[in-house]
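Please open the model in your viewer and keep the selection panel at hand. The tour goes from one selection to the next and says what is to be found at each stop.

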Number of protein chains: 2
Amino acid sequence: MAETAPLSRFEVTFDVEGRNDAKFRNDITVHLRGPHPASVELPTDEGPYHDGDGTAPYPLAYFASGLTACIMTQLRAFARRLEIPLTTIAVKARLHWQAQQRGREPYESSPVAFTIDLDLGGGASTEDKKRLIEAAAKGCFVEQSLKPGIVKHRLKVGDDWVAI
Amino acid sequence: MAETAPLSRFEVTFDVEGRNDAKFRNDITVHLRGPHPASVELPTDEGPYHDGDGTAPYPLAYFASGLTACIMTQLRAFARRLEIPLTTIAVKARLHWQAQQRGREPYESSPVAFTIDLDLGGGASTEDKKRLIEAAAKGCFVEQSLKPGIVKHRLKVGDDWVAI
């Protein structure tokens with residue numbers, strides 16, 4: 001008789017140091033803590049809208065990559081765990097925000113929708129692909145940090161895109 | 001008699017293309033759309049936990065930089081608009097998640113807290129610094145996309161850290 005595997009928890013912690021001395025260049029260092037520590041320099045800058053110097057990617061470009069890569073990573077990791085065949089992952093994502101302001105007062109921003117379209121190779125059934133995407137979304141640290149309902153996933157099935 | 005400035009809206013849109021052919025390396029290109037388009041390559045990889053090759057930053061490292069840099073950028077932008085003196089911005093942020101799994105089933109993740117500690121130079125009053133941080137948080141596209149209550153800001157006042 002199969003035993004139920006025990007429930008376990010683990011923590012993921014990142015520490016960040018940021019420094020800005022003038023204009024829009026932010027010098028940022030990110031440290032992964034825990035058993036496999038790693039540090040990386042990820043500076044940001046602004047472009048013409050804020051009159052920045054464009055010396056580094058926009059903060060939102062990092063956010064956009066992190067959101068897209070998070071579910072890709074979990075698809076790969078969980079395909080193994082669920083024994084669902086997966087060769088290639090091709091993604092197109094769109095992140096759309098609005099902001100409003102009165103004159104030159106500080107603006108207020110809000111997300112409209114983040115859509116993630118997924119084309120999964122490897123010949124799994126549509127049902128298995130959906131199951132994999134649902135598991136990956138629950139495991140994705142970025143998506144689970146977002147306001148519910150913002151992220152919408154679609155799966156390529158033949159020539160169509162099917163909402164998950 | 002002063003007129004009230006008109007309310008205006010603007011859109012911010014990023015498109016992302018992601019490709020993964022094997023293991024955990026994700027090739028990611030991020031495009032800012034609109035009047036000042038810009039594209040950047042922001043690949044990701046995993047390290048020892050997922051048996052990745054460590055060829056690029058973790059997805060969550062990009063997310064951590066994007067979150068931290070977002071409010072720094074708005075502090076700089078809105079200090080001008082609010083005419084609050086601001087020289088240096090020094091930030092320490094901590095992003096903390098938990099995940100739980102049964103055996104080797106896919107895990108489910110959830111954010112615990114993202115704390116952002118801000119030390120603002122320039123000699124503004126504590127009241128003005130608080131007003132600036134509150135405006136920056138409302139304008140920050142990343143923070144406004146997150147579940148309410150996850151992000152906690154603290155301001156350095158003398159030798160103390162004061163919750164905002």
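Begin in this predicted model by selecting β6(A) and strand β7, residues 160-163 of chain A, which pair in the antiparallel sense over four bridges. If you show the residues of this pair as sticks, you will find Arg154(A) standing opposite Ala163(A) in β7(A). The two strands β6(A) and β7(A) form a hairpin with two residues between them, and in the turn Gly158(A) has a positive phi of about 65 degrees.

Keep β6(A), residues 151-157, on screen and add strand β5 of chain A, residues 108-120, since these two strands run parallel and are joined by five bridges. A place to look along this pairing is Leu118(A), whose bridge partner in β6(A) is Leu155(A).

Next, bring chain B into view and select strand β1 of chain A, residues 7-20, together with β4(B), for here the pairing passes from one chain to the other, in the antiparallel sense and over 14 bridges. Within this pairing, Arg19(A) stands opposite Ala90(B) in β4(B).

Now show both chains whole. A rotation of 180 degrees, with 0.0 Å of shift along its axis, superposes chain B on chain A with an RMSD of 0.0 Å, and that is the relation of a two-fold axis. Of the interface residues of chain B, 100% are also interface residues in chain A, so the copies meet through the same surface.

Select the residues in contact, 94 from chain B and 94 from chain A. The area buried between chain B and chain A is about 8,900 Å², and carbon and sulfur atoms give 58% of this area. To see where chain B loses the most area to chain A, pick Phe10(B), Phe14(B) and Arg81(B), which together account for 9% of what that side buries.

Turn then to the polar side of the contact. Which residue of chain B forms a salt bridge with Asp15(A)? Select Arg94(B), and you will find the closest N and O atoms of this salt bridge 2.7 Å apart. Across the interface of chain B and chain A there are two salt bridges, while the residue pairs in polar contact between the two chains number 54.

As a last stop, colour chain B by its elements: those that each supply at least two residues of the side touching chain A include β1 (7-20), β4 (89-102) and α2 (126-139). Select α1(B) as well, because this helix gives the most to that side, with 20 residues. The residues of the side of chain B that touches chain A divide into 49 nonpolar, 26 polar and 19 charged.

Key:
Residues numbered from 1 in each chain as written. Chains lettered and ligands numbered in written order. Predicted model: local features only at pLDDT ≥ 70, side-chain atom pairs only at ≥ 80, totals over all residues. Heavy atoms only, no water. Least-squares fit on C-alpha atoms with pLDDT ≥ 70 in both. Contact = heavy atoms within 4.5 Å. Buried area = accessible area lost by both parts, 1.4 Å probe. Salt bridge = Lys/Arg side-chain N within 4 Å of Asp/Glu carboxyl O. Polar contact = N/O pair within 3.5 Å; in protein donor to acceptor, adjacent residues only side chain to side chain. Nonpolar A, V, L, I, M, F, W, Y, C, P; charged D, E, K, R; others polar. Pairing = 2+ DSSP bridges.
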